[in-house]
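Student: Hi, I have a structure open on my screen and would like to talk it through. Could you look at it with me?
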Amino acid sequence: MYQVIIVIHVLLGLGVVGLVLMQQGKGADAGAAFGTGSSGSVFGAQGAASFLSRATAILATLFFMTSLGLAVLNGKQGAAYDLMNAPKVEQDTLGIPDVGGEKGVVGTSPVPAVESEEVPAAVPATE
C-alpha cells in the first residue's frame with residue numbers, strides 16, 4: 001500500500017511540474033497584443049489558460065492529499081531507531097583534549113614529556 005501511494009505521489013508531482021511549465025506567464029499577454037504571440041485556438045477562445053490552471057489545481061490537491069496520506073502511514077509505522085532518543089556514546093579520544101579542555105584518557109599524553117637535562121655552563125676558553 002505504501003509503495004503504491006509513493007508511486008502515485010511521484011507521478012502527481014511530475015504532472016504538476018509539467019503543467020506548470022506548460023502554462024504561459026502573465027507577461028506573455030503583452031507580447032500577443034503586438035502580434036508576436038499565437039492564438040490558443042485549440043482550447044477555445046480563452047486559450048489553454050483555464051484548462052491548464054484547473055488541471056494544475058486538481059493535481060496539486062491530489063499531491064497534497066497523497067503527502068498527508070504518506071505522513072499518516074509513516075507516523076503509524078513507528079520508527080525502529082530514533083536518533084534523538086539514543087543514548088550518548090562515549091568515544092575514546094586517544095588523549096586528545098575535548099572542547100572543555102579535559103583529556104579523554106586519564107594518565108596518558110599524546111606527546112611524551114621531554115625531561116630536561118642539565119647542561120653545564122659554558123667555560124671560557126683560556127689560552
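**A walk through the model**

Tutor: Happy to! Let's begin with one residue: F63 has 25% relative accessibility, so F63 counts as partly exposed. Bear in mind that this is a predicted model.

Student: Okay, and what about F64, buried or exposed?

Tutor: F64 counts as exposed, because its relative accessibility is 54% and the cut-off for exposed is over 50%.

Student: How many aromatic pairs are there in the whole structure?

Tutor: The search of the whole structure turns up 1 aromatic pair. That pair is F63 with F64, in an edge-to-face arrangement. Their centres are 6.2 Å apart, and the angle between the planes is 65 degrees.

Student: Let me zoom out. What helices and strands does the chain have?

Tutor: There are 3 helices and 0 strands. Following the sequence, you get the pattern α-α-α.

Student: And how much of the chain is buried?

Tutor: Of the 127 residues in the chain, 11% are buried. The chain exposes about 11,200 Å², with 64% of that coming from carbon and sulfur atoms.

Student: Which residues form a nonpolar patch on the surface?

Tutor: The patch is formed by I6, V7, V10, L11 and L14. Together they have about 460 Å² of accessible area.

Student: Let me pick V7 from that list. Where does V7 lie?

Tutor: You'll find V7 in helix α1, which covers residues 2-22. V7 counts as partly exposed because its relative accessibility is 48%, and a residue needs over 50% to be called exposed.

Student: New topic: T56. Which helix is T56 in?

Tutor: T56 sits in helix α3, residues 49-77.

Student: Why does T56 count as buried?

Tutor: T56 has a relative accessibility of 13%, and buried means under 20%, so T56 falls in that class.

Student: Which residues does T56 touch, leaving aside those up to four places away in sequence?

Tutor: T56 touches L19, V20 and Q23. Of these I'd start with L19 on your screen.

Student: What lies 2.6 Å from a polar atom of the T56 side chain?

Tutor: That is the backbone oxygen of L52.

Student: Last one, on contacts across the chain. What share of those between residues at least 6 apart in sequence join residues at least 24 apart?

Tutor: The share is 68%. The contacts of T56 with L19, V20 and Q23 are good ones to look at while you have the model open.

Notes: Residues numbered from 1 in each chain as written. Predicted model: local features only at pLDDT ≥ 70, side-chain atom pairs only at ≥ 80, totals over all residues. Heavy atoms only, no water. Helix = DSSP H or I, 4+ residues; strand = E, 2+ residues; numbered from the N terminus. Buried < 20%, exposed > 50% of the residue type's maximum accessible area, 1.4 Å probe, protein only. Contact = heavy atoms within 4.5 Å. Areas by Shrake-Rupley, 256 points an atom, 1.4 Å probe, with all protein chains shown as cover. Patch = residues over 30% accessible without salt bridge, like charges linked within 9 Å, V, L, I, M, F, W, Y side chains within 5 Å. Salt bridge = Lys/Arg side-chain N within 4 Å of Asp/Glu carboxyl O. Phe/Tyr/Trp six-rings, centres within 6.5 Å; stacked < 30°, edge-to-face > 60°. Polar contact = N/O pair within 3.5 Å; in protein donor to acceptor, adjacent residues only side chain to side chain.
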